[in-house]
Amino acid sequence: MVFQNGSQRALAQLEARYSFRILRYLCQEPRSYSEIRELTGVASTSTLSTRLSELQEIGWIERHHRRYALTPQGARLCPAVRCVLAWYAQLDHRASVIRDVLQRTGSLGIILTLHGGPRRARDLTFPAVSRRSVMARLRELTDIGFLTRSSAAMTAPYELSEYGQRFGPAASALLSWIKEQDAHLHLTAVTGQPPESTPAVSRQPRGSRPGR
């Protein structure tokens, strides 16, 4: 898949540290700031505040009466979240290592791209991810058996291993949702309003610390 502007932004936000964890728990029910912090394990209040502000800005969550909830657009991600969690539940003894690697910036973009077929390393580029990070993720994903190559040649393409292909249903669900973001985020850029507008009182300045 070639990620367009809207889907690039969606992918970058989804890969931002703690974003997926926040969305995962909000798929269950609205949460307060303190509940989100406890569930996600975010140690830094500034990091959590920034991530929550970004998720509000992109139109995936909103804040009412000191609780955060998914917008209609954010809620459309929940089926994909459930697919990912179901896949996590089936992992073997490498589960903790695999989850750690998959949560690093660049891993999800690589996996979703290779879901469409083999690619050479030079063809795996993402605006929000440095070349160094892409190469590091390729090595890590290969080391844990998620990716494979036909040979050790520098030009040999990477592809999902049989083990990595088990992520297929989750990858398809995530791709479908990310593709939707092109239209929604394009509308945001044109109108200056998020896809699902939220009351002004629920918005927090970037980097500010929300009330608990």
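**Entry 1: a pair in the sheet**

I began with one pair of residues: I61 stands opposite L70 in β3. I keep in mind that this is a predicted model. I then asked how many bridges join β2 to β3. I found four, and the two strands run antiparallel, with β3 covering residues 67-70. H64 is another residue with a partner here, standing opposite R67 in β3. A reminder to myself from the textbook: strands of a sheet pair through backbone hydrogen bonds, either parallel or antiparallel.

**Entry 2: the whole sheet**

Next I looked at the other partner of β3. Two bridges join β1 to β3, and this pair is antiparallel as well. Here I noted R31, which stands opposite Y68 in β3. In which order do the strands lie? I wrote down β1-β3-β2, an open sheet of three strands with antiparallel pairing. The edge strands are β1 (31-32) and β2 (61-64), each of which pairs on one side only. I also checked what packs on this sheet. Helix α2, residues 19-26, does so and touches β1, β2 and β3. The direction of α2 makes about 90° with that of β3.

**Entry 3: the turn between β2 and β3**

I went back to the hairpin of β2 and β3, which has two residues between the strands. One residue caught my eye in the loop between these strands, namely H65. What is the phi of H65? I read a value near 50°, which is positive although the residue is not a glycine. That made me stop, because most residues other than glycine have a negative phi. Is H65 buried or exposed? Its relative accessibility is 79%, so H65 counts as exposed; the cut-off for exposed is over 50%.

**Entry 4: another positive phi**

I found a positive phi at Y18 too, of about 80°, and this residue is not a glycine either. Where does Y18 sit? I placed Y18 in the loop between α1 (5-15) and α2. Then I looked up its accessibility, which is 13%, so Y18 counts as buried. The limit I used for buried is under 20%.

**Entry 5: α2 against α4**

From that loop I moved on to α2 and its contact with helix α4, residues 45-57. Their axes come within 10 Å and cross at roughly 65°. That angle makes α2 roughly perpendicular to α4. I noted the crossing as right-handed. Which residues of the two helices meet? On the α2 side I listed S19, I22 and L23, and on the α4 side L48, R51, L52 and L55. Sorted by class, the residues of this contact are five nonpolar, one polar and one charged.

I also looked at T45, which lies in α4. Its relative accessible area is 22%, so I wrote T45 down as partly exposed. T45 and Y33 are twelve residues apart along the chain, and I found 9.7 Å between their C-alpha atoms.

**Entry 6: α8 against α9**

I then turned to helix α8, residues 107-114, where S107 is found. How accessible is S107? The relative accessible area is 0%, so S107 is buried. Leaving out residues up to four places away in sequence, S107 touches E15, V101, L102, R137 and L141.

Next I looked at how α8 packs against helix α9, residues 131-143. Their axes are 9 Å apart and the angle is about 70°. The two helices are therefore roughly perpendicular to each other. I noted that α8 passes α9 in a right-handed crossing. The contact is made by S107, I110 and I111 from α8, together with V134, R137, L138 and L141 from α9. I sorted these residues by class and got five nonpolar, one polar and one charged.

**Entry 7: stepping back**

Last, I looked up some totals. The protein has eleven helices and five strands. How much of the protein is buried? Buried residues make up 48% of the 212 residues. I also looked at contacts in the protein with a separation of 6 or more; residues 24 or more positions apart account for 65% of them.

Note on methods
Residues are numbered from 1 along each chain as its sequence is written. This is a predicted model: local features need pLDDT of at least 70, side-chain atom pairs count only at pLDDT 80 or more; totals for chains, interfaces and linings use all residues. Side-chain values use heavy atoms; hydrogens and water are left out. Two strands pair if DSSP finds at least two bridges between them. Contact means heavy atoms within 4.5 Å. Axes are lines fitted to C-alpha atoms, for helices over the stretch in contact, and angles run from 0 to 180 degrees between N-to-C directions. Angles under 35 degrees count as roughly parallel, over 145 as roughly antiparallel, 65 to 115 as roughly perpendicular and the rest as oblique. A crossing is left-handed if the near helix is turned anticlockwise from the far one by less than a right angle, and right-handed if clockwise. Ala, Val, Leu, Ile, Met, Phe, Trp, Tyr, Cys and Pro count as nonpolar, Asp, Glu, Lys and Arg as charged, and the others, Gly among them, as polar. Buried means under 20% relative accessible area, exposed over 50%, partly exposed in between (1.4 Å probe, protein chains only).
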